[in-house]
Amino acid sequence: MARNPQRIFYGWWLAIAAAVGLCLGGPPILVFSFPVFLKALVQDFHTSRSAISLAFSLHNLVATFASPVLGRLVDRLGARRVILPATLAFAALMIGNRVLTGSVRGLYIFNMVGAFIGMGCGPIAYSSVISRWFDRRRGSALAVMMFGVGLGASAMPSVIQRLISAFGWRAAYAFYGVAMLLISLPVLMALLKDAPEELGLAPDGAQVSTLIEKAEIDGLAWREARRTRTFWFMVTGYFLLGASVHACVIHLSAMLTDRGLTTQTAALASSVAGAGLLLGRVGSGFLLDRYFGPRLAVSFSIGAAVGILLLLLGHGVSMFFGAFLVGLGMGAEGDIIAYLTSRYFGLKAFGEIYGYAFGSFVLAGACGALLMGLGFDRTGSYTIPLQACLGAICVAIFLFGRLGPYRYGVREPVDADPGLRASAAAS
């Protein structure tokens, strides 16, 4: 008698474990909570905001170059052998932060080391394992995984602020490390598996007799992917889009107060942008299972362009809608770039290829915010920088529209969308 199929495919438990790992990973504490630490660090070290902000810039710079390195390790060793040691090491770094954070220079080292280790238990490693467990529902699984990032980004700053107020900023880092050891590490140790074959399963819970097809396990090597037009179109498009939306979100509060809005109203607009980011991060993944990825990338980019136009020309409520659209475009990037990497280049060197793509996205955020600030300093307003962002997104839309059909498409298309079906047939 045949075995009864599992009610819940094990891959979904793994996606939940990945969400827990990302919720208590590097970005929520070193990226999204950095503004919360900023003032406390300035006061404690008796230095300027720019000196402390350099720690964040150094973090992003190291993360940019560490991404492909950690991605290559994931390809060679497997995600579990990278994620578990990195999670343990990151927790130890947080708990023992006093060893490095005795001076501003030590703070820089702390953030750079955190960036490198954090990449080992970040989106690249988790996206790699999720892509191996799912094919037809890969986008939905990535959405579940990315929900952890969104939850950490929205909830962690408030939690950290309370800890800083009650115990100080060094204790806040230490509490975070303890939470990683007590919550995320046990969950990952219990649930994390590199591939469904380890449990006698197939992607999406299909019958074992229909295990991964050759096209899905081969893919392209990094040296092959970097020679394709598709790779450079995709990475350039996301760099331009990422730089533009990051610049707008980071400077949103200053932009709106310059228009005469109160600081409270500007903060509300930032929350609206955050809501758009969370919705885009989760919603785009589910849409990727039903619609052609580049078409979604074009749609979200057009929405971001409309949002920037509203920030440039709008007033009142329209500016809030503009902030929401920009946040929506920013949030959708994380899912779409991981998904497109798996569909255009396969899974053979997914970690390394996605590492370069993700690294460019991190670098784009740093460059966009810096250029927006320089543009304002030179011109005295955000008008020209916003126009430049609008132009950059228009170029990105053109590049996404030229990506073409998937090379490693879905085996059984789950929707009647012509682009998705054509891509699957072309592969």
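This passage walks through some salt bridges, helix packings and single residues of the structure. The model is predicted, so everything below is read from computed coordinates.

Salt bridges make a handy starting point. Side chains of opposite charge can pair when their charged atoms come close. The structure holds three such salt bridges. Two of them share Asp135: one runs to Arg343, with the closest N and O atoms 2.9 Å apart, and the other to Arg138, where the closest N and O atoms are 3.8 Å apart. Put together, Asp135, Arg138 and Arg343 are linked in a network. What about cover? Asp135 counts as buried because its relative accessibility is just 1%, and Arg343 is buried at 1% too. Arg138 is likewise buried, with a relative accessible area of 2%. Asp135 sits in the loop between helix 7 and helix 8 (138-167), while Arg343 belongs to helix 16, so this pair ties together parts that are 208 residues apart in sequence.

The remaining bridge joins Arg170 to Asp44, and here the closest N and O atoms are 3.3 Å apart. This pair also links distant parts of the chain, since Arg170 is in helix 9 and Asp44 in helix 3, 126 residues apart. Arg170 is buried at 18% relative accessibility, whereas Asp44 is partly exposed at 36%.

Just past helix 3 (34-45), in the loop that leads to helix 4, comes His46. His46 has a positive phi of about 50 degrees, although it is not a glycine. With 73% relative accessibility, His46 counts as exposed.

Helix 4 itself (residues 49-77) contains Asn60. Is Asn60 buried or exposed? Asn60 is buried, because its relative accessible area is 9%. Leaving aside residues up to four places away in sequence, Asn60 touches Val362 and Ala366.

Helix 7 (residues 123-133) has packing contacts with helix 4 and helix 5. Helix 4 and helix 7 pack at an angle of about 35 degrees, their axes being 9 Å apart, and the crossing is right-handed. On the helix 4 side, the contact involves Ser67, Gly71, Val74 and Asp75; helix 7 brings in Ile124, Ala125, Ser128 and Arg132. The axes of helix 5 and helix 7 come within 10 Å and cross at roughly 145 degrees, and this crossing is left-handed. Here Ala79, Ile83 and Thr87 of helix 5 meet Ala125, Tyr126 and Val129 of helix 7.

Helix 5 also has a part in a nonpolar surface patch. The patch covers about 500 Å² and is made by Leu88, Ile95, Val178, Leu181, Leu182 and Ile183. Which helix gives the most to it? Helix 9 does, with four residues, though helix 5 (79-95) and helix 9 (169-191) each supply at least two. One of the patch residues, Ile95, is found in helix 5 and counts as partly exposed, at 36% relative accessibility.

Ile336 gives a contrasting picture of an isoleucine. Ile336 lies in helix 16 (residues 317-345) and is buried, because its relative accessibility is 1%. Not counting residues up to four places away in sequence, Ile336 touches Tyr238, Ser284, Leu288, Gly293, Leu296, Ala297 and Phe300. Among these neighbours, Gly293 is 43 residues away in sequence, yet the two C-alpha atoms are 6.8 Å apart in space.

Technical notes
Residues are numbered from 1 along each chain as its sequence is written. This is a predicted model: local features need pLDDT of at least 70, side-chain atom pairs count only at pLDDT 80 or more; totals for chains, interfaces and linings use all residues. Side-chain values use heavy atoms; hydrogens and water are left out. Patches are made of residues with over 30% relative accessible area and no salt bridge: like charges are joined within 9 Å, nonpolar side chains (Val, Leu, Ile, Met, Phe, Trp, Tyr) within 5 Å. Accessible areas come from the Shrake-Rupley method with a 1.4 Å probe; for residues, only the protein chains shown count as cover. A salt bridge is a side-chain nitrogen of Lys or Arg within 4 Å of a carboxyl oxygen of Asp or Glu. Buried means under 20% relative accessible area, exposed over 50%, partly exposed in between (1.4 Å probe, protein chains only). Axes are lines fitted to C-alpha atoms, for helices over the stretch in contact, and angles run from 0 to 180 degrees between N-to-C directions. A crossing is left-handed if the near helix is turned anticlockwise from the far one by less than a right angle, and right-handed if clockwise. Contact means heavy atoms within 4.5 Å.
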